[in-house]
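The following exercises concern a predicted model. Please work through each task before reading its solution.

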Amino acid sequence: MSKVLVVMYSYTGTCRRLAQLLCSQQGWPMAEITEVSPRSGVLGTWRCLVDSWLRRSPAIRYVGPPPNEFDAVVLVAPIWAYRLASPMRSFVASRHGQLPDVAVVSVMGSRGAPNAVAEIGRLIGGSPILSTAFTTREVEDGSYAAQLQAFGTAVHTAEDTQAVVRPSIWSPQAV
Ligand SMILES: Cc1cc2nc3c(=O)[nH]c(=O)nc-3n(C[C@H](O)[C@H](O)[C@H](O)COP(=O)(O)O)c2cc1C
């Protein structure tokens, strides 16, 4: 069975709730990204927007196991100004060389997820294995739960299928 880690950043709590449900559905551990200078209030929201417009990478802290100990990471992050939330940009940009397979869950009011997936793809130098998006409303009313479960199962399947054909598994030295 493949090892999968959920890495989450959340500003107002929605992505945290989604990541917790995904972890409980699949039995996966969760890691969290926080900011060295946390945001709050109107100024904080303004900083989110400016960081997004300028594609900044703010200083972050990562609390969780080393991602390279896993077969895949599922990145869960909000959309800001039609782009990837800046703290997740910082995480991916600083660790792209050490990340295993990457899947992406975006949470948004209504629009911007494809831009975030494309940016993660540019940063890791290849497409994420899977991506999906939910609206804040879907997370709040709970209607996303079945689709989230299906996404988690698809990540499992993608990883287990790859494991079958990984050269190291087939290599005589590995036996
Ligand atoms: C500064 C800021 C900018 C946002 N920009 C967008 C946007 O461009 N498109 C969108 O659909 N939602 C946008 N949102 C809404 C968030 O993506 C959405 O509320 C998400 O659920 C927040 O996740 P969180 O609670 O985990 O921080 C924005 C929210 C904030 C705070």
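**Exercise 1.** Determine which helices and strands each supply at least two residues of the shell around the ligand, and describe that shell by residue class.

*Solution.* Step 1: Two helices, H1 (14-26) and H2 (41-53), each supply at least two residues of the shell. Strand E4 (72-80) and strand E6 (101-108) each do so as well.
Step 2: Of the 21 residues around the ligand, those that come nearest are Thr14, Cys15, Pro78, Met108 and Gly109.
Step 3: By class, the shell divides into eleven nonpolar, nine polar and one charged residue.

**Exercise 2.** State how helices H3 and H4 pack, and identify the residues in H3 and H4 that meet.

*Solution.* Step 1: The axes of H3 (residues 86-95) and H4 (residues 113-124) lie 9 Å apart, at an angle of about 20°.
Step 2: Angles under 35 degrees count as roughly parallel, so H3 is roughly parallel to H4.
Step 3: The crossing in which H3 passes H4 is right-handed.
Step 4: From H3, Arg89, Val92 and Ala93 take part, and they meet Glu119, Ile120, Leu123 and Ile124 in H4.
Step 5: This contact of H3 with H4 has five nonpolar and two charged residues, with no polar ones.

**Exercise 3.** Decide whether H3 is mostly covered or mostly uncovered, and list its buried residues.

*Solution.* Step 1: Seven of the ten residues in H3 are buried, and the helix is mostly covered.
Step 2: The buried residues in H3 are Ser86, Pro87, Met88, Arg89, Ser90, Phe91 and Val92.
Step 3: Among them, Arg89 and Val92 also meet residues in H4.

Definitions and conventions: Residues numbered from 1 in each chain as written. Predicted model: local features only at pLDDT ≥ 70, side-chain atom pairs only at ≥ 80, totals over all residues. Axes fitted to C-alpha atoms, helices over the stretch in contact; angles between N-to-C directions. Helix = DSSP H or I, 4+ residues; strand = E, 2+ residues; numbered from the N terminus. Parallel < 35°, antiparallel > 145°, perpendicular 65-115°, else oblique. Left-handed = near helix turned anticlockwise from the far one by under 90°. Contact = placed C-beta atoms within 7 Å. Nonpolar A, V, L, I, M, F, W, Y, C, P; charged D, E, K, R; others polar. Near = placed C-beta within 6 Å. Buried ≥ 20, exposed ≤ 12 C-beta atoms within 10 Å, placed from the backbone.
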